[in-house]
Amino acid sequence: MSLLNAIRNEITSGVQDKVSNFVGESRSNTGNAITAIIPAVLAFFADRSQTEAGASSLLNALNDNTFGSVFGNNNYQSVFENNRDSLLSRGNSLMASIFGDRLDPFANEISSYANIGSQSSKGIIAALLPLILNVLRGRMSTSDGYTANSLNQVFEGERESIWSAIPSGLSGLGAALGLSNWGARTSSATGNVHDGTTRTTTTTTTTDRTTVDPTPNNPRRTNWLLPLLGLLAALLLVWFLMRGCNDTDTTRTTTTTQDTITRTTETPVVTDTRPAVRGTYDAQRDAYIYDTGAERTITFDDGTTITVGDASSEARVYDFITDTGRTVSDDKTQDWITLDRVYFNTGENTLTEDSRQQLDNIANIMQRYPNVELKFGGYTDNVGGQEINQPLSDARAKSAMQYVVDQGVATGRMTAEGYGQNHFICEANDTPECKAQNRRVDIRVTRK
């Protein structure tokens, strides 16, 4: 079995779901990223193995004995499920040491190709690197240790299959990773075209009756063709305008108490129900204080009430649950709601006193709607690195969930997972205010 297929065989559907949940991207987009990353990383390794400095860098990574403690004799899915923190910690270290200043261009190339965030790209790369290196280690002859010779032997005869597996959409990969002979290799490829150029083949087709000339150079042909095309374009424009007026289901828009952002791409429309951020930064507390709107009283069927802001997280959760027109999306990246009054002390997973009221309200809502299930997601800023932030965010998400459990909600109705410094609300993440917004716990209704 080839090196490429040996790695691919470890990526089960369960693994894809786990990685998708970890980075908070759709399963389809995550799968596209995985499909691109594996051959791209192998192409980078194969390229570097041909130089003394490049081979030395790879051998330093391959000689690390921590692979045994991370993987043991377990398959990749088992490792990701049971030893994820160690796997990601190792992956983050490998990313920095192997890719260096090429990491950001590489991650951006994957991000653009798979339609995911740059931080998500890095999260997937970090998750896959230990697997790729572990399979590579297993293929190398260890009779004389992990050497440049045994490294080259692994790639001998596999370079072409690795290159041909790189998706055609990664047109900037050569520049991003500094791959030698990228242009020569892509221009000679007959299958995937890696350099992003469009090749047009002019073919003259001869039948028993006519010879078809695909290039209409005759002015008499074009004189009547252009007005006809203009008329067709006008008719199409009128049709689309009329269709837009009559078809209210073309773009799905979710109504919230605050602004709704609708992203329209060539892929199916994705509606982001996260409200526009409104609030102020409290420098003394180093916390972002959200504007939760005017006071609103929610009355349950049993007559009990809770008082919340009309733009608060509780109001948005309640509205989602009780709106019969809204369903739980199969796309796990949708319908996340930031808990706007849940805070933790710096570097800790202990809830502050003023966090409890909101979680009490969430528990009250869940007790009145026994079919509802939730997922808690923990997030951090980028201070400290992913190897620290991912387990911290996981602990914070679980602390918030546990508080709701302690109020009498069954554990089986909730799950919790940390995503570390992935999926910033404030993308720049370069000011105290921005970082305070990114340190948060989100919730998502997974069943109603």
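Modeller: A residue counts as buried when its relative accessible area is under 20%, and this cut-off will serve us throughout, in what is a predicted model.

Colleague: Then is Phe-80 buried or exposed?
Modeller: The relative accessible area of Phe-80 is 3%, and the limit for the term is under 20%. Because 3% falls under that limit, Phe-80 is classed as buried.

Colleague: Which kind of aromatic pair do Tyr-76 and Phe-80 form?
Modeller: Both residues lie in helix H6 (residues 76-82), where they are four residues apart, about one turn of the helix. Tyr-76 is also buried, at 1% relative accessibility. The ring centres of Tyr-76 and Phe-80 are 6.2 Å apart with 55° between the planes, and since planes under 30 degrees apart count as stacked and those over 60 as edge-to-face, the pair is tilted.

Colleague: Val-79 is in helix H6 as well; how far is its C-alpha atom from that of Val-15?
Modeller: Val-79 is buried, with a relative accessible area of 2%, and Val-15, which belongs to helix H2 (residues 13-23), is buried at 1%. Leaving aside neighbours within four places in sequence, Val-15 is in contact with Glu-10, Tyr-76 and Gln-77. Although Val-15 and Val-79 are 64 residues apart along the chain, their C-alpha atoms are separated by 9.9 Å.

Colleague: What kind of aromatic pair do Phe-44 and Phe-99 make?
Modeller: This pair links distant parts of the chain, with Phe-44 in helix H3 and Phe-99 in helix H7 (residues 84-99), 55 residues apart. Phe-44 is buried at a relative accessible area of 3%, and Phe-99 is likewise buried, at 3%. The ring centres lie 5.0 Å apart and the planes stand at 25°, which is under 30 degrees, so the pair is stacked.

Colleague: Which residues form one aromatic cluster with Phe-44 and Phe-99?
Modeller: Setting aside neighbours within four places in sequence, the contacts of Phe-99 include Val-41, Phe-44, Phe-106 and Leu-177. The cluster that holds Phe-44 and Phe-99 is completed by Phe-45 and Phe-106.

Colleague: Which helix gives the largest share of the largest nonpolar core?
Modeller: In soluble globular proteins, nonpolar side chains tend to be buried together. The largest nonpolar core here has 67 residues, and those with the most contacts inside it are Phe-45, Tyr-76, Phe-99 and Leu-136. Its largest share, twelve residues, is given by residues 27-48, that is, by helix H3.

Colleague: How many residues are in the other core that lies apart from it?
Modeller: Among the members of this other core are Ile-321, Leu-339, Leu-374 and Ala-397. The number of residues in that core is 34.

Colleague: Turning to the pockets, how many charged residues are in the lining of the second largest pocket?
Modeller: This pocket has a volume of about 470 Å³, and of the 25 residues that line it, the closest to its centre are Asp-286, Phe-344, Thr-346, Arg-396 and Arg-439. The elements giving two or more residues to the lining are strand S6 (287-290), helix H17 (386-406), helix H18 (432-438) and strand S12 (440-447). Sorted by class, the lining has eleven nonpolar and seven polar residues, while the number of charged residues is seven.

Key
Residues numbered from 1 in each chain as written. Predicted model: local features only at pLDDT ≥ 70, side-chain atom pairs only at ≥ 80, totals over all residues. Heavy atoms only, no water. 1 Å grid on protein atoms, 1.4 Å probe; cavity = no way out; pocket = protein on both sides within 12 Å on 5 of 7 lines; lining within 4 Å. Points joined across faces, edges and corners; volume = space filled by probe spheres on them. Nonpolar A, V, L, I, M, F, W, Y, C, P; charged D, E, K, R; others polar. Core = buried A, V, L, I, M, F, W, Y, C linked by side-chain atoms within 4.5 Å. Buried < 20%, exposed > 50% of the residue type's maximum accessible area, 1.4 Å probe, protein only. Contact = heavy atoms within 4.5 Å. Phe/Tyr/Trp six-rings, centres within 6.5 Å; stacked < 30°, edge-to-face > 60°.
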